[in-house]
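Reader: I would like a close look at a single helix of this model, beginning at the end where it starts and then turning to the side that is hidden from solvent. Please take the reasoning step by step.

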Amino acid sequence: MYRKPVPVTIVTGFLGAGKTSLINAMLTQAHGLRLAVLVNDFGAINIDAALIAGNSDDVVSLQNGCICCSLADGLLSAVANVLRRSDPPDAIVITTSDVSDPLEIARILCDPELQIHAPLDGVVTLVDAVTVGTLEGAALDLIKRQIAAADIVLLNKSDLAAESALRAVESWVHNVVPTVRTVRTCNGVLPLDILLGRGGTAVSEISRFACDEPGNQYGSSNHGEAFESVLIDRKSPIPLRTLHGFLSRLPRSVYRVKGIVDIAEKRGFRCNLQATGARATLTVSTPWDGVRPVSQIVIIGDRGSLDVAAFKSQLSA
């Protein structure tokens with residue numbers, strides 16, 4: 001039924017680590033290598049899929065749940081559908097939601113029938129080199145599990161951190177997993193051959209671990225209880241001053257803000273919003289082209305800490 005095995009690479013990382021930038025960089029570098037990208041997002045809409053460039057046929061959105069728990073069947077079905085294409089890709093890249101546990105995803109991909117046709121080739125974990133030292137509680141437990149599953153850890157945004165801070169992060173990562181390879185990156189730009197074609201040597205061990213032993217020293221996968229997301233819709237344009245005021249008032253319990261925004265000063269064009277901690281970027285994207293402009297902003301933070309009424313009020317100021 002299938003012409004040849006199509007290797008699967010998992011790209012994971014905590015909120016704002018730069019997964020979308022990495023995927024876009026991979027697609028830019030593909031140069032004839034066909035990549036199918038399966039995108040999972042934590043929230044009511046899949047903002048990450050909308051922010052990924054490239055052929056829409058090769059970008060599959062997995063939404064309304066998380067692929068390491070409620071969307072397990074959906075993940076297997078999506079991979080199978082990609083494999084059944086008349087012209088299947090050379091590789092499949094699964095980019096997880098910001099709070100997914102790759103150990104659980106590896107467990108899902110251990111399906112014996114799937115392994116024949118879509119062997120797990122590697123797990124790439126991104127770490128925000130600037131903010132990782134501020135994580136605590138459930139967020140810290142989750143990033144440790146993401147590092148534990150990794151074949152390679154990318155210290156992203158390394159251009160924004162001092163050399164001493166980068167060495168401290170590298171030391172911390174190796175305290176979690178002494179043998180894991182670490183690579184410093186900026187905006188997720190890295191040669192494609194470092195990310196793909198890893199052969200599954202290290203990941204074969206983590207796959208068996210994920211399949212055979214539900215518990216481990218890195219804690220449990222409890223992101224469903226620890227984190228939540230809210231969606232803010234706004235049909236009128238948002239002035240830049242209003243957006244800046246909203247972002248500047250976000251509580252520390254908010255880890256991530258992302259969305260597609262209709263900015264008053266950039267009428268006619270979508271603007272992509274990405275914010276983590278004290279850093280935010282707003283980039284002008286594609287024209288609305290007859291589609292009624294609407295701002296959709298996803299906010300992710302600690303469960304029970306997100307004041308939707310306050311967010312809406314601030315964006316209406």
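Author: In this predicted model, a side-chain oxygen of D307 comes to within 3.3 Å of the backbone nitrogen of A309, and this pair of atoms lies at the start of α12. The helix itself comprises residues 308–315, and its buried residues are F311, Q314 and L315; buried here stands for a relative accessible area under 20%. Around the helix axis these buried residues cover an arc of only 95°, and they therefore lie on the same side of α12. As background to that pattern, an α-helix has 3.6 residues a turn, so residues three or four places apart point the same way. As for what lies over the buried residues of α12, the cover includes the strands β8 (227–234), β9 (254–261) and β12 (295–302), together with the helix α11 (240–248).

Elsewhere in the model, a pair of helices may be set beside this one. Helix α6 (residues 137–148) packs with helix α7 (residues 163–176) at an angle of about 75°, and their axes are 9 Å apart. Because angles of 65 to 115 degrees count as roughly perpendicular, α6 and α7 are roughly perpendicular to each other. On the α6 side the contact is made by L140, I143, K144 and I147, and on the α7 side by W172, V173 and V176. By residue class, the contact of α6 with α7 consists of 6 nonpolar residues and 1 charged residue, with no polar ones.

Notes:
Residues numbered from 1 in each chain as written. Predicted model: local features only at pLDDT ≥ 70, side-chain atom pairs only at ≥ 80, totals over all residues. Heavy atoms only, no water. Axes fitted to C-alpha atoms, helices over the stretch in contact; angles between N-to-C directions. Helix = DSSP H or I, 4+ residues; strand = E, 2+ residues; numbered from the N terminus. Parallel < 35°, antiparallel > 145°, perpendicular 65-115°, else oblique. Contact = heavy atoms within 4.5 Å. Nonpolar A, V, L, I, M, F, W, Y, C, P; charged D, E, K, R; others polar. Buried < 20%, exposed > 50% of the residue type's maximum accessible area, 1.4 Å probe, protein only. Arc of directions from axis to C-beta. Polar contact = N/O pair within 3.5 Å; in protein donor to acceptor, adjacent residues only side chain to side chain.
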